[in-house]
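Trainee: Hi! I'm new to this one, could you walk me through it?
Mentor: Happy to, let's open it up together.

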4 protein chains.
Amino acid sequence: MPARSAPDPARRNERSRRAILAAALELLGETGYADLTVEAIAARAGVGKQTIYRWWAGKGAVILDALAEGAADAPELPDTGDVEADLRAVVRATVAELADPALSATTRALTIETLSDDALAEQVRDRLLRPHLDTVVVRLRAGQDAGQIRADVDPAQAVELLFGPLYHRWLLRTGPLTEGYADGVTDLALAALRP
Amino acid sequence: MPARSAPDPARRNERSRRAILAAALELLGETGYADLTVEAIAARAGVGKQTIYRWWAGKGAVILDALAEGAADAPELPDTGDVEADLRAVVRATVAELADPALSATTRALTIETLSDDALAEQVRDRLLRPHLDTVVVRLRAGQDAGQIRADVDPAQAVELLFGPLYHRWLLRTGPLTEGYADGVTDLALAALRP
Amino acid sequence: MPARSAPDPARRNERSRRAILAAALELLGETGYADLTVEAIAARAGVGKQTIYRWWAGKGAVILDALAEGAADAPELPDTGDVEADLRAVVRATVAELADPALSATTRALTIETLSDDALAEQVRDRLLRPHLDTVVVRLRAGQDAGQIRADVDPAQAVELLFGPLYHRWLLRTGPLTEGYADGVTDLALAALRP
Amino acid sequence: MPARSAPDPARRNERSRRAILAAALELLGETGYADLTVEAIAARAGVGKQTIYRWWAGKGAVILDALAEGAADAPELPDTGDVEADLRAVVRATVAELADPALSATTRALTIETLSDDALAEQVRDRLLRPHLDTVVVRLRAGQDAGQIRADVDPAQAVELLFGPLYHRWLLRTGPLTEGYADGVTDLALAALRP
DNA sequence: AAATAAGCGAGACGGTACGTCACGTCTTACA
DNA sequence: TGTAAGACGTGACGTACCGTCTCGCTTATTT
């Protein structure tokens with residue numbers, strides 16, 4: 001039986017949908033995730049609360065959609081031929097993003113959501129993180145083909161070796177997130193990944 | 001002048017304090033962090049809400065204290081002389097804990113706290129995580145002295161290389177948390193850490 | 001200019017009209033007037049909400065129409081020649097109707113309507129109550145002609161003398177609505193109406 | 001089992017109680033009963049909605065209390081020795097009140113409530129109407145003792161004979177509520193009540 | 001017979017109020 | 001004075017209906 005006669009997506013108002021996602025992102029930036037309310041999103045978007053609850057499960061689902069919308073433009077990791085330089089660049093970029101409170105607000109919000117709701121966690125992983133991490137996996141495979149990376153290493157595991165320490169430090173605030181730190185992590189990881 | 005005539009810790013009711021921390025841990029296990037309420041803790045503990053607000057800033061501070069209380073007994077990393085075996089053991093243990101929903105509830109709650117409140121984040125880091133991670137740092141230093149670990153590596157960074165991937169996979173649910181996985185991470189990290 | 005290009009009654013769907021009135025009566029019996037909603041009427045009738053709002057002003061207008069439909073068959077007060085017996089009969093019948101919760105639901109709904117909306121009140125009075133009361137007025141006039149009722153009494157006022165006490169007791173629940181009570185009221189009123 | 005651990009009346013805030021009842025009466029006069037909302041009462045009274053729901057079942061119960069508070073001062077029917085004059089006076093006063101939209105708003109609201117909620121109906125009857133009607137009963141009994149009223153008439157029934165027609169005309173709007181009408185009703189009723 | 005237009009079912013929409021929950025503060029009575 | 005109890009003002013929750021609106025679809029003229 002359908003929970004409550006599911007609404008018909010064909011009749012959905014695109015204008016409202018966009019207004020809601022835009023409002024959610026604005027408010028996320030202004031008040032932070034914890035103080036974000038569905039009521040405020042509805043008011044800012046000029047929309048009835050029911051229109052939000054009709055299409056989303058709660059504020060978590062809304063901001064997930066809002067962020068996924070923005071992440072649609074894949075960042076495309078460059079391939080200069082020098083895998084070490086390419087990895088160093090992406091690690092530096094990631095560290096820079098985590099170090100900037102404004103930019104990492106997104107990641108912060110999603111992580112909280114991820115920890116509180118298993119269903120959303122899958123969505124976050126598949127729609128937001130996977131696409132990003134997969135570009136690195138692709139680059140690592142190319143490096144393996146070029147003989148610059150050990151062939152016996154699982155690229156997915158190698159990605160975690162590169163990014164894991166970054167998120168660990170960011171989450172636990174165990175140290176500064178500087179460019180020098182980024183290079184240190186890259187060097188250490190490469191020591192393990194080089195043939 | 002004190003903001004609101006700070007309460008006198010000497011007159012604090014130890015019985016209530018313990019009941020509150022115990023109730024907080026029970027409810028954390030039963031309902032999860034997001035659905036935990038101060039009201040429920042007070043009711044379960046048979047305590048007035050004011051008694052909680054008198055001594056703690058909110059639910060985050062309470063569960064932090066509750067978990068810190070339990071973590072007082074330091075886990076003490078063993079030193080068998082074989083640093084690789086010792087690291088493998090601690091990585092396996094950590095993976096096992098993260099894989100168990102009941103045990104990782106603690107880590108989940110702390111991580112949310114860490115992401116939501118900077119002031120509490122410091123407390124979490126210093127009172128709960130540092131003691132745990134420091135035991136590994138100590139073991140790595142001993143390994144360096146014994147020539148089993150590269151001397152030019154910062155032990156703190158090495159710890160992140162070991163645990164970062166674990167938390168990354170746990171947070172992002174990018175793969176299974178098995179013993180085989182634990183050993184894979186250990187092997188890869190050791191490839192970077194060996195002289 | 002018509003406010004919104006008034007709908008054309010000639011093209012009205014009789015099937016829908018009937019379904020709406022029937023559904024309204026059913027729901028009035030099931031849930032009572034206060035809990036009656038336009039949404040429920042539409043759903044029960046298998047009709048779009050707009051079809052209701054196109055033809056009626058609101059739930060009050062709908063149930064008014066629904067009840068008026070049913071009341072079309074005038075009850076026709078008999079004239080046995082004995083005005084006292086005839087009045088006694090109609091008072092007894094009215095008391096019996098008010099005493100029966102199912103039958104008096106109609107009166108209850110109409111009374112609420114009467115109290116809440118002046119425009120509808122007129123409709124209620126003229127379309128539903130007047131026809132009923134007028135039959136008694138007619139009978140009283142005949143009684144006056146026959147010399148059984150004081151000629152100097154306004155029949156309309158006499159009707160109120162007979163039915164007013166009934167509604168008063170029904171509204172205010174100041175006592176039981178029994179046949180004995182009905183006869184008591186009739187006796188007392190006749191004491192005033194007899195020449 | 002108590003529905004929800006009933007609140008302790010001893011700790012009730014008298015200031016809030018009064019503010020709520022006052023606000024309810026104000027708004028009843030301003031917007032009418034149908035458009036009255038609990039939310040507006042709370043806002044006007046400077047009170048949390050929960051404080052209303054803690055002590056009352058809904059808006060009906062609130063305005064009942066508010067009106068009952070005001071009706072505490074019994075009107076005391078005078079006894080001039082001439083029962084006909086006294087009754088004429090009270091009937092005139094009642095007609096005047098019903099004829100004034102502002103004054104009869106109270107009665108209108110209560111009547112709607114009475115028709116929708118049996119539990120409140122009893123309260124309305126016992127706390128508001130009985131005290132008023134009983135003063136007339138008392139006067140009628142004195143009239144019976146003085147031989148001005150038939151001794152075989154139930155005073156309660158006589159009261160209904162006097163007031164029933166008034167409420168009937170007011171409810172059904174079957175005619176004007178003038179002083180002349182009041183006297184007509186009194187005359188007719190007295191024709192039945194005189195020995 | 002085809003074109004036009006209205007009523008129709010369905011139900012999404014912007015709103016308002018509902019009645020509940022938990023927040024963090026305040027008040028009371030007791031120990 | 002610390003405490004258990006819990007009432008308080010506040011404000012968000014998620015739901016129910018309101019009355020309006022916009023979709024295709026069906027009917028029933030009107031060309």
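Mentor: We'll talk about the DNA contacts and then about where two of the chains meet.
Mentor: Keep in mind that this is a predicted model.

Trainee: Okay, DNA to start. How many residues surround DNA strand F?
Mentor: There are 41 of them, and the closest are Y53(A), K49(C), Q50(C), Y53(C) and G48(D).

Trainee: And how much of the strand's side of that is sugar and phosphate?
Mentor: Of the atoms of DNA strand F that come within 4 Å of the protein, 63% belong to sugar and phosphate.

Trainee: What does K49(C) approach on DNA strand F?
Mentor: A base oxygen: a polar side-chain atom of K49(C) sits 2.5 Å from it.

Trainee: Which part of D8(D) lies by a phosphate oxygen of the strand, backbone or side chain?
Mentor: The backbone. One of the backbone N or O atoms of D8(D) is 3.0 Å from a phosphate oxygen of DNA strand F. For R11(D), an N or O atom in the side chain lies 3.0 Å from a sugar or linking oxygen of the strand.

Trainee: Which elements give two or more residues to the surface near DNA strand F?
Mentor: Chains A and C each offer α2 (38–45) and α3 (49–55), while chains B and D each offer α3 (49–55).

Trainee: What kinds of residues make up that surface?
Mentor: The surface near DNA strand F has 18 charged, 14 polar and nine nonpolar residues.

Trainee: Switching topic: how many residues are in contact between chain C and chain D?
Mentor: On chain C, 36 residues are in contact with 35 residues of chain D. The area buried between the two chains is about 3,500 Å², with 67% of that from carbon and sulfur atoms.

Trainee: Which residues of chain C lose the most area there?
Mentor: L115(C), E160(C) and L188(C), which together give 21% of what the chain C side buries.

Trainee: How many salt bridges are there between chain C and chain D?
Mentor: Three. One salt bridge joins R169(C) and E160(D), with their closest N and O atoms 2.9 Å apart. There are also 16 residue pairs in polar contact between these chains, counting pairs with both residues at pLDDT 80 or more.

Trainee: Which helix gives the largest share of the chain C side?
Mentor: That's α8(C), with 12 residues. The elements of chain C that each supply at least two residues there are α6 (101–116), α7 (118–145), α8 (155–172) and α9 (179–193).

Trainee: And what's the mix by class on that side?
Mentor: The side of chain C that touches chain D has 20 nonpolar, eight polar and eight charged residues.

Conventions
Residues numbered from 1 in each chain as written. Chains lettered and ligands numbered in written order. Predicted model: local features only at pLDDT ≥ 70, side-chain atom pairs only at ≥ 80, totals over all residues. Heavy atoms only, no water. Near = heavy atom within 4 Å. Polar contact = N/O pair within 3.5 Å; in protein donor to acceptor, adjacent residues only side chain to side chain. Helix = DSSP H or I, 4+ residues; strand = E, 2+ residues; numbered from the N terminus. Nonpolar A, V, L, I, M, F, W, Y, C, P; charged D, E, K, R; others polar. Contact = heavy atoms within 4.5 Å. Buried area = accessible area lost by both parts, 1.4 Å probe. Salt bridge = Lys/Arg side-chain N within 4 Å of Asp/Glu carboxyl O.
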